Amino acid sequence: MDRPNETEFAHIPVLGTELVGGLQVRPGGVYLDATVGGGGHSLLLLQQSDRIEIMAIDRDEMALQAARQTLAKYAHCLTFWHGNFAEYPGTAEQFDGIMTDLGVSSAQLDIPERGFSFRHEAPLDMRMDRRQELTAADLVNHSDERELADIFYHYGEERLSRRIARRIVENRPFETTTELARTVASCYPPRARHGRIHPATRVFQALRIAVNAELSGLEQFLDRATEWLKPGGVLGIISFHSLEDRCVKHYFKGCDRLEIITKKPITAGEEETRNNPRSRSAKLRLARRR
């Protein structure tokens, strides 16, 4: 099977109907897609009305290239910005709606040289923005044992974090994803190495979050996005693991500038999960600027 190339960045929008409905798209509105990915969610907005403006952000240049292609028909409605959504220089009360999908794209996982997945032998990279210097290899090979254990425990909720960190320090340096995955798996009892979830899954999640400073960036973004919303504007966040969802939930509850729309997160229905298994863990929360 041919390996995906860097133009293959398909984006099946998760919870698209629910997100677009929640944003209440109207002609003349100005919207922010803070993680445009391959452009799937923005395309759904533009299909509601091509008389809107969208600022499309992504820290992955490959994603922006794909979004430009997907959304070429609507180029007159779009402005693109390459960077971390937490660093976007927005202005107060700029947008009628803001959306972000926090998930890792299938393309990032499927292209081996990106180093996000242990399904392929690849360099330990995991950078969303490849202009960034810090890689997963840097963390794995140069952090001390306690730092690694903290990363695995706090960002991966890995119960064997200390054992895994000790084994990594004993066996480093590591160069590839598969080397690291085998070492992590060796920390588990033999019967636990062949379950539904690979033993290295939580460690790889934790490293990705740490490399890209995802949780701290999300916290900064939420605070800034609230300022960027016009009164009555809606903020929609799709998360894929409990750490992100917890961050969004607590922010919404603690922010007196927001009115919570979704008392409980919206999740994918049976048909969507059947057609797009990635949607199974997705949670959408919506809040309105007072």
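**Exercise 1.** Which helices and strands do the buried residues of helix 11 pack against?

*Solution.* Keep in mind that this is a predicted model.
- Step 1: Find helix 11, which covers residues 242-254. With 13 residues, helix 11 reaches 18 Å from its first C-alpha to its last, close to the 18 Å expected at 1.5 Å a residue.
- Step 2: Pick out the buried residues of helix 11: Leu243, Glu244, Asp245, Cys247, Val248, Tyr251 and Phe252.
- Step 3: Look for their packing partners. Among the helices you will find helix 6 (145-156), helix 9 (201-211) and helix 10 (214-228). The strands are strand 5 (229-239), strand 6 (258-260) and strand 7 (283-289).

**Exercise 2.** Find the helix that gives the largest share of the largest nonpolar core.

*Solution.*
- Step 1: This core has 30 residues, and those touching the most other members include Leu124, Met126, Phe152 and Leu207.
- Step 2: Helices 5, 6, 7, 8 and 9 each supply at least two residues of the core.
- Step 3: The largest share, six residues, comes from helix 9.
- Step 4: Now zoom in on Met126. Beyond its neighbours within four places in sequence, Met126 is in contact with residues including Phe116, Phe204, Leu207 and Val211.

**Exercise 3.** Are Gly40 and His41 buried or exposed?

*Solution.*
- Step 1: Both residues appear in the "binding site" list of an unreviewed UniProt entry.
- Step 2: Locate them: Gly40 is in helix 2 (residues 40-48), and His41 lies in helix 2 too.
- Step 3: Apply the cut-off: buried means under 20% relative accessible area. Gly40 has 7%, so Gly40 is buried. His41 has 3%, so His41 is buried as well.

Terms used: Residues numbered from 1 in each chain as written. Predicted model: local features only at pLDDT ≥ 70, side-chain atom pairs only at ≥ 80, totals over all residues. Heavy atoms only, no water. UniProt positions renumbered as here; feature names shortened; annotations may be inferred. Helix = DSSP H or I, 4+ residues; strand = E, 2+ residues; numbered from the N terminus. Buried < 20%, exposed > 50% of the residue type's maximum accessible area, 1.4 Å probe, protein only. Expected span 1.5 Å × (residues − 1). Contact = heavy atoms within 4.5 Å. Core = buried A, V, L, I, M, F, W, Y, C linked by side-chain atoms within 4.5 Å.
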